[in-house]
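Here are a few exercises to work through with the model open beside you. Try each task before reading its solution.

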Amino acid sequence: MFKKLYLLAIITIISSTAALAQNSLDIHFNGMGFLDNREYKDFVLRSRTYSGVRTALDLGLNIDSVHHFIVGVNGIHEFGAQPYFLKVDPVAYYSYTGKNWLFNAGAFPREGLLTDYPRALLNDTLRYYRPNVQGLLARYTNEHFTETGWIDWVSRQTNTDREQFLFGFSGKYRPSLSGPFYVSHYFLLMHDAGPAIPIPNDHIQDNGGGQIRLGLDFSHKTILDSLSFEAGGMMSFERTRGLDGFQKPAGFVASVYLGWHRFALFDEFYKGQGSHIIYGDSFFEKKTYNRMDLIYTPFLYKRIKGQFILSLHQTPGYFSNQEAFRITFDLGRQTLVRFKD
């Protein structure tokens with residue numbers, strides 16, 4: 001109820017101040033349908049099928065070319081579920097889009113901002129069930145370098161709810177625009193504190209991890225459309241304050257991606273100590289893990305993309321499979337009204 005009143009108030013404010021705007025009011029509609037079947041021999045309780053559709057609609061008030069205010073909703077419906085919408089997340093944020101800087105403050109979509117994180121750190125079900133970042137994000141970009149810092153508030157502390165937030169940074173450096181070599185890094189940490197009314201024998205916990213990767217990108221330099229290799233190190237961090245210090249299991253990660261027309265293959269390998277990262281992929285709790293994705297894109301249009309993905313997971317003593325189909329659509333931002341000075 002409060003979310004509805006909150007959104008209504010913001011939309012009313014935007015409508016009443018439209019006459020003061022110097023640029024335009026636009027609308028944006030996008031979404032994703034998904035069917036994701038997981039047969040995990042390693043994690044029987046997590047073997048399930050995710051299926052549904054997520055749609056997002058928002059209005060954007062553009063004060064000028066760099067200052068924007070966006071409000072809207074992002075809802076998910078799981079097929080066969082009652083009520084129709086499992087959850088509707090509010091979208092409400094300020095965005096600054098300069099030549100080199102991007103800054104978002106509020107509740108804004110994570111798609112395109114944090115979706116490049118390795119699954120070991122941020123698992124892929126977040127696209128289905130946690131589409132927004134609630135907090136702040138800043139990104140600096142130039143020809144050779146990109147760096148992003150962010151904080152995402154997961155739970156606000158009440159008498160019964162815990163205080164939880166994620167923060168992290170990631171980036172990529174390419175020393176030569178014409179050369180294949182680049183360096184990328186990713187880091188995040190979750191702070192998990194107790195509710196306002198203390199729980200006996202409860203402790204503050206910190207959990208997260210990071211990766212540093214060296215990469216070679218040969219896209220459009222062979223008969224393939226895309227070809228890239230990455231290898232590097234991974235370390236996770238976990239501690240329970242007052243009981244122990246940081247546990248820091250580490251390991252080696254490597255991946256290869258190749259694409260040709262509508263077909264692609266992605267293979268990722270991990271070897272090392274098992275890591276327990278709360279928002280990461282559980283397969284990386286194993287000391288050895290390999291995932292191969294076979295990808296086919298049957299249709300790819302300007303604003304619509306549909307993909308079939310067959311994923312094969314291998315750990316010592318187990319072989320698991322996963323089949324997914326995802327369709328994404330984005331109608332882009334369409335101008336509704338242009339305002340005169």
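**Exercise 1.** Is Arg241 buried, partly exposed or exposed? Work that out, then look at its salt-bridge partner.

*Solution.* Keep in mind that this is a predicted model.
- Start with the number: the relative accessible area of Arg241 is 34%.
- Buried means under 20% and exposed means over 50%, so Arg241 counts as partly exposed.
- Now the partner: Arg241 makes a salt bridge with Asp206, and their closest N and O atoms are 2.9 Å apart.
- As for location, Arg241 sits in the loop between β11 (226-240) and β12 (250-260), while Asp206 is in strand β10 (residues 205-217), so to speak 35 residues away along the chain.
- Finally, Asp206 has a relative accessible area of 3%, so Asp206 is buried.

**Exercise 2.** Take the salt bridge between Arg38 and Asp124, and find out which parts of the chain the pair links.

*Solution.*
- Check the contact: the N to O distance between these side chains is 3.2 Å.
- Place the ends: Arg38 belongs to strand β1, and Asp124 to the loop between β5 (101-109) and α2 (126-129).
- That puts the two residues 86 apart, so the bridge joins distant parts of the chain.
- Check the cover: Arg38 and Asp124 are both buried.
- Step back: Arg38 and Asp124 are also members of a salt-bridge network, along with Asp36, Arg119, Arg291, Asp293 and Arg326.
- For the full tally, the whole structure has 21 salt bridges.

**Exercise 3.** Classify the geometry of the aromatic pair Phe29 and Phe329, and say what the pair ties together.

*Solution.*
- A search of the whole structure turns up 25 aromatic pairs.
- In the Phe29 and Phe329 pair, the ring centres are 5.8 Å apart and the planes meet at 35°, so call it tilted.
- Phe29 lies in strand β1 (residues 24-39) and Phe329 in strand β16 (residues 318-338), so the pair ties together parts 300 residues apart in sequence.
- Both are partly exposed: Phe29 at 31% relative accessibility, and Phe329 at 21%.

**Exercise 4.** Which residues join Phe29 in a nonpolar surface patch?

*Solution.*
- The patch also takes in Leu57, Val73, Tyr84, Phe85, Val88 and Leu331, and covers about 590 Å².
- Leu57 comes from strand β2 (residues 49-62).
- With a relative accessible area of 42%, Leu57 is partly exposed.

How values were computed: Residues numbered from 1 in each chain as written. Predicted model: local features only at pLDDT ≥ 70, side-chain atom pairs only at ≥ 80, totals over all residues. Heavy atoms only, no water. Patch = residues over 30% accessible without salt bridge, like charges linked within 9 Å, V, L, I, M, F, W, Y side chains within 5 Å. Areas by Shrake-Rupley, 256 points an atom, 1.4 Å probe, with all protein chains shown as cover. Salt bridge = Lys/Arg side-chain N within 4 Å of Asp/Glu carboxyl O. Helix = DSSP H or I, 4+ residues; strand = E, 2+ residues; numbered from the N terminus. Buried < 20%, exposed > 50% of the residue type's maximum accessible area, 1.4 Å probe, protein only. Phe/Tyr/Trp six-rings, centres within 6.5 Å; stacked < 30°, edge-to-face > 60°.
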